[in-house]
Amino acid sequence: MHNINLMRYFLIGDPVEHSLSPLIMNYLFRKYGINAIYHPARVIEDELMDILTSFREIGVRGFNVTMPLKTAILRFLDDLDDSAYTIKAVNTVKNIDEALVGYNTDWIGVLRSLETYRVGDIDTAAVLGAGGAAKASIYALSKISGKVYVLNRTYEKAIALKKKLRELDIEIVPLRYNINNLEMALNDAELVINATPIGMNKWESPIPSRLLREDLYVMDMVYRPLKTKLLNDALDAGARVIDGLWMLITQAAEAFKIWTGIYPDIYRLRRFVLGEIT
Ligand code: NAP
């Protein structure tokens, strides 16, 4: 018998095969008794218009957007929330009375992850990278920090990012990512966020271990491996560490809330995901 009331949600992007989002969202729909299913769909930029037309036709309730479509999708949406508009990236879309509304929950994920570790108001932070994850981090930091150093391999991108985010209530200091600048920024910062992919292989870290210290919070966006070399080095130095799975879970929890009105228990969700991936 067909389940005619089944609601459909999707993840679009490329690649999507290894994403943990279907595992997370289908678990949440089951756990909260919502008659819905979440599918990954490999979509490239040229297919965006057609896929959105089909989503509208079949009444898709919402979808997540991942690389490389987070910015490309902006022009196809009917409305954006303030953060998506400022960051110029969307990772969550809700179909509200046939209008597709874009949200960015990545920055809220960063903020919730920091809150989980009781990182409250701070003076200075450092972000490594100047891509999408860095932008979301800086937006989150603008709520709790006065100043942020942005260190990037391509210095011009760090400068461009400062311009793009100029309306935020935070001083952004762009720097080239090199050892001297890293040392200077970390000496001044209470928190550092790695928003580069460095660490996805087990032996690399974006920060030499000698620069890590006890009174530093170290957050890594990389979540495979869960304990990166950066986080292991930080633990050895006595620092407090926040792994990338927190952000993955909290940005998903926020998307689930946008769609259903329910903010799930993130500790149970983390236990479930850890059980599935380790
Ligand atoms: P992105 O837009 O492609 O940006 C990548 C950034 O990393 C760029 O600033 C790039 O510098 C820098 N970078 C890359 N390789 C580098 C290297 N070998 N040395 C120095 N800098 C390097 O990517 P993104 O979307 O921001 O994602 C960044 C990382 O965060 C990825 O690993 C992603 O998986 C992770 N992430 C995790 C979550 C989560 O939920 N935990 C969410 C979002 C992203 P250039 O400008 O010089 O190229």
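The paragraphs below go through the ligand, the pocket that holds it, and a few points in the backbone.

This is a predicted model, in which local features need pLDDT of at least 70 and side-chain atom pairs count only at pLDDT 80 or more, while totals for chains, interfaces and linings use all residues. Residues are numbered from 1 along each chain as its sequence is written, and side-chain values use heavy atoms, with hydrogens and water left out.

Start with the ligand. It is surrounded by 21 residues, where a residue counts as near if one of its heavy atoms lies within 4 Å. The closest are A130, A133, N152, T154 and M221. By class, this shell has 12 nonpolar, seven polar and two charged residues. Here Ala, Val, Leu, Ile, Met, Phe, Trp, Tyr, Cys and Pro count as nonpolar, Asp, Glu, Lys and Arg as charged, and the others, Gly among them, as polar.

Some polar contacts (pairs of N or O atoms within 3.5 Å) involve oxygen atoms of the ligand. A polar side-chain atom of N152 lies 2.7 Å from a ligand oxygen, and a polar side-chain atom of R153 lies 2.9 Å from a ligand oxygen. At L248, a polar backbone atom is 3.3 Å from an oxygen of the ligand. Of the 920 Å² of accessible area that the ligand has on its own, the protein covers 75%; such areas come from the Shrake-Rupley method with a 1.4 Å probe.

Next, the surrounding space. Rolling a probe the size of a water molecule over the atoms shows where empty space is left. A pocket is an open set of points, on a 1 Å grid over the protein atoms alone, where a 1.4 Å probe fits, with protein on both sides within 12 Å along at least five of seven lines; lining residues have an atom within 4 Å of a point. The ligand takes up space in the largest pocket, meaning that more than half of its atoms lie within 2 Å of the pocket's grid points.

The elements giving two or more residues to the shell around the ligand are α5 (132-141) and α9 (244-260). Helices (H or I, at least four residues) and strands (E, at least two) are DSSP runs, numbered from the N terminus. α9 gives the most, with three residues.

The lining of the largest pocket consists of 50 residues, and T66, M67, K70, A133 and Y223 lie nearest the pocket's centre.

Finally, the backbone. Most residues other than glycine have a negative phi, and most peptide bonds are trans. A cis peptide bond joins D14 and P15, and P15 is in the loop between β1 (7-13) and α1. The bond from M67 to P68 is also cis, with omega near 0 degrees.

Notes:
Polar contact = N/O pair within 3.5 Å; in protein donor to acceptor, adjacent residues only side chain to side chain.
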